[in-house]
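Here is a short report on one protein model. It looks at the nonpolar core, then at two helices.

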Amino acid sequence: MSAKFELYTDTAGEYRFRLKAANGENILASEGYKQKASAVNGIASVQKHAPDDTHYERKISASGKPFFNLKASNGQVIGSSQAYSSESARNAGIESVKKNAPSAVTVDAV
């Protein structure tokens with residue numbers, strides 16, 4: 001299995017996507033969108049910006065866990081990671097997004 005974007009609706013009826021690695025682990029998740037087309041555009045933006053390290057914002061959560069945001073050229077967050085156990089694990093997550101996002105297929109579960 002290769003990496004894929006899953007496009008789905010959440011319990012509030014908003015459209016979201018998540019990038020799953022080949023092992024099935026979620027490596028990036030979107031915000032909620034009112035329109036399906038906006039979520040599809042979000043996937044395209046992730047694919048465009050993922051290879052460029054300057055689009056990653058490395059952060060530490062309030063509970064002390066490392067995570068990252070992927071930002072578009074305009075500075076808007078287009079995807080966020082899970083909380084990781086260490087900075088090295090977070091950095092491995094970034095490398096996975098860089099490697100997998102550009103060629104990941106989209107599975108429409110809407």
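## Core and helices

The largest nonpolar core of this predicted model has 23 residues. Those with the most contacts inside this core are F5, L19, V46 and V97. Two or more core residues come from each of β1 (4-9), β2, β3, α1 (36-49), β5 and α2. The top contributor is α1, with three residues. In general, nonpolar side chains tend to be buried together in soluble globular proteins.

Two residues show what packs where. The table leaves out neighbours within four places in sequence.

| Residue | In contact with |
|---|---|
| V46 | F5, F17, L28, L70, I78 and A101 |
| H49 | H55, L70, K71, A72, S73 and I78 |

L70 and I78 are listed for V46, and L70 and I78 are also listed for H49.

Is H49 buried or exposed? H49 belongs to helix α1. Its relative accessibility is 6%, and buried means under 20%, so H49 counts as buried.

Now helix α2. This helix covers residues 87-100, which is 14 residues. At 1.5 Å a residue, α2 should span 20 Å. Its end C-alpha atoms are 20 Å apart, so the expected span and the model agree.

Which residues of α2 are buried? They are R90, G93, I94, S96, V97, K98 and N100. V97 is also among the core residues with the most contacts. The cover over the buried residues of α2 includes four strands: β2 (15-20), β3 (26-29), β4 (56-60) and β5 (66-71). Of these, β2, β3 and β5 also give two or more residues to the core.

Notes. Residues are numbered from 1 along each chain as its sequence is written. This is a predicted model: local features need pLDDT of at least 70, side-chain atom pairs count only at pLDDT 80 or more; totals for chains, interfaces and linings use all residues. Side-chain values use heavy atoms; hydrogens and water are left out. The expected span of a helix is 1.5 Å times one less than its number of residues. Buried means under 20% relative accessible area, exposed over 50%, partly exposed in between (1.4 Å probe, protein chains only). Contact means heavy atoms within 4.5 Å. A nonpolar core is a set of buried Ala, Val, Leu, Ile, Met, Phe, Trp, Tyr and Cys residues joined through side-chain atoms within 4.5 Å.
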